[in-house]
Amino acid sequence: MPFQDFTLIQAPMAGGINTTELTVGAARAGALASIGAGYLSGQAIEDAARAARDGGADAFALNLFIPAERGASDQEWRRAREALAPCYQSAGVALPDDFAELPAFEEQFEAVLAARPAFFSFTFGRLPKPLMEACRARGIALMGTATTREEARALADDGVDGIVLQGEEAGGHRGSADPRGPGRPLADLLDECAGLPVPLIAAGGLMDGADMARVLAAGAAAAQLGTAFLNCPEAGTAPAWREALARAEPEQTAVTAAVSGRFARGLANAWMDERAPSAVAPYPDQHRLTAPLRKAAGAEWKSLWAGTGAHRSRALPVEELVATLLKECRADG
Ligand SMILES: Cc1cc2nc3c(=O)[nH]c(=O)nc-3n(C[C@H](O)[C@H](O)[C@H](O)COP(=O)(O)O)c2cc1C
């Protein structure tokens, strides 16, 4: 199934946002639903794919993070842990000695192959050739993520079926291969990548059908929206996060690497101001070091990922949101 069948992609959002209800509702209403599986075990990935199919979603994208080349050295780990002590203390959360490991990419990827989704999308770099071939052999279409023309060119040369062009407006982690890579405005990125021989999927700050129509007119084959879905009742968004979204004002998002060691955009809170830790371990170890704090603390120390359009988010049931977006897009197209 070519992804050109879809003009709207509900973005992968790892960390429990992409519930089965969200996936099934988005698919039923005519979007390509994505399941952010970056923090899931192999078993959880297979379970999520099965639940989506049982609910009636035939085509969906499973999404993983390309692993980092190296983790933190002992010294980086120690420094980062020490720098987080005042953060844990101010939130009244005990700083643990041990931190949970993340699932291994190999295990996750095997589960993706076993689940055979219509699409496999990935972020934070390129997929090694043998893994691309393993997907192809199973009829799984491939979507990579690029934040610069250079990254898009490399993905096109690799032979992916679609490239998510993620502008700096996007909520969540910046999908660059370089954890601290520079962001580019989506409109510039679309301009710079025009002419690449691969369908382009625009992402970043798109909140309504008029935004979608604009990027389609600028050459994108589809639009991928994440923040727009955070307020759907079916999404797994935590209550504190929803409240912060409901209060969001324009210009209220900021970028930080303090949560995970990678740049990510969210509603401004303690991670983005003088309370942020002064030393940060490389991704993904910083993510592991901050996870217990983010889980136990209130909104000040949660990761409230959201794009620059956060203040325009609508609290609509997912099917109604997708239908509205597609209708608005047609009216403006
Ligand atoms: C809460 C949240 C989690 C995200 N998690 C992922 C992810 O797991 N994988 C991925 O490729 N992109 C992830 N993204 C980025 C989206 O794919 C997309 O680029 C972004 O949502 C587009 O910008 P917007 O949020 O302004 O619509 C995430 C975005 C958000 C808001």
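Which residue has a backbone N or O atom that lies 3.1 Å from an oxygen atom of the ligand? Ala14 does, and the first view starts right there.

**About all the views.** This is a predicted model, where local features need pLDDT of at least 70, side-chain atom pairs count only at pLDDT 80 or more, and totals for chains, interfaces and linings use all residues. Residues are numbered from 1 along each chain as its sequence is written, and side-chain values use heavy atoms, with hydrogens and water left out.

**View A. The ligand and its surroundings.** The ligand has 22 residues around it, where a residue counts as near if one of its heavy atoms lies within 4 Å. Pro12, Asn63, Gly205, Gly226 and Thr227 are the closest. Look for the polar contacts, meaning pairs of N or O atoms within 3.5 Å. Besides Ala14, whose backbone atom sits 3.1 Å from a ligand oxygen, Asn63 uses a side-chain N or O atom, 2.8 Å from a nitrogen atom of the ligand. Thr227 also brings in its side chain, with an N or O atom 2.6 Å from a ligand oxygen.

**View B. Helices α4 and α5.** Two packed helices are described by the angle between their axes and the distance between the axes. Here α4 (residues 105-115) and α5 (residues 129-137) have axes that come within 10 Å and cross at roughly 20 degrees. The axes are lines fitted to C-alpha atoms over the stretch in contact, with angles from 0 to 180 degrees between N-to-C directions; helices are DSSP runs (H or I, at least four residues) and strands are runs of E (at least two), numbered from the N terminus. So α4 and α5 are roughly parallel, the word for angles under 35 degrees. Phe105, Phe109 and Leu113 of α4 touch Leu131, Ala134 and Cys135 of α5, where contact means heavy atoms within 4.5 Å. These contact residues divide into six nonpolar, no polar and no charged. (Ala, Val, Leu, Ile, Met, Phe, Trp, Tyr, Cys and Pro count as nonpolar, Asp, Glu, Lys and Arg as charged, and the others, Gly among them, as polar.)

**View C. Helices α8 and α11.** With axes 7 Å apart, α8 (residues 209-217) and α11 (residues 318-332) pack at an angle of about 50 degrees. That makes α8 oblique to α11, the label left for angles that are not under 35 degrees, over 145 or 65 to 115. On the α8 side you'll find Gly209, Ala210, Met212, Ala213 and Leu216, and they meet Leu325, Leu326, Glu328, Cys329 and Asp332 in α11. The split for this contact is seven nonpolar, one polar and two charged.

**View D. Helices α3 and α10.** The axes of α3 (residues 74-91) and α10 are 10 Å apart, at an angle of about 20 degrees. The pair is therefore roughly parallel. Residues of α3 in the contact include Trp77 and Tyr88, while those of α10 include Asp285 and Pro292. Sorted by type, the contact has ten nonpolar, two polar and three charged residues.

**View E. Two backbone oddities.** Most residues other than glycine have a negative phi, and most peptide bonds are trans. Arg116 has a positive phi near 45 degrees, and this residue lies in the loop between α4 and β4 (119-123). The peptide bond from Tyr283 to Pro284 is cis, with omega near 0 degrees. Find Pro284 in the loop between β11 (264-267) and α10 (285-296).

Conventions:
Polar contact = N/O pair within 3.5 Å; in protein donor to acceptor, adjacent residues only side chain to side chain.
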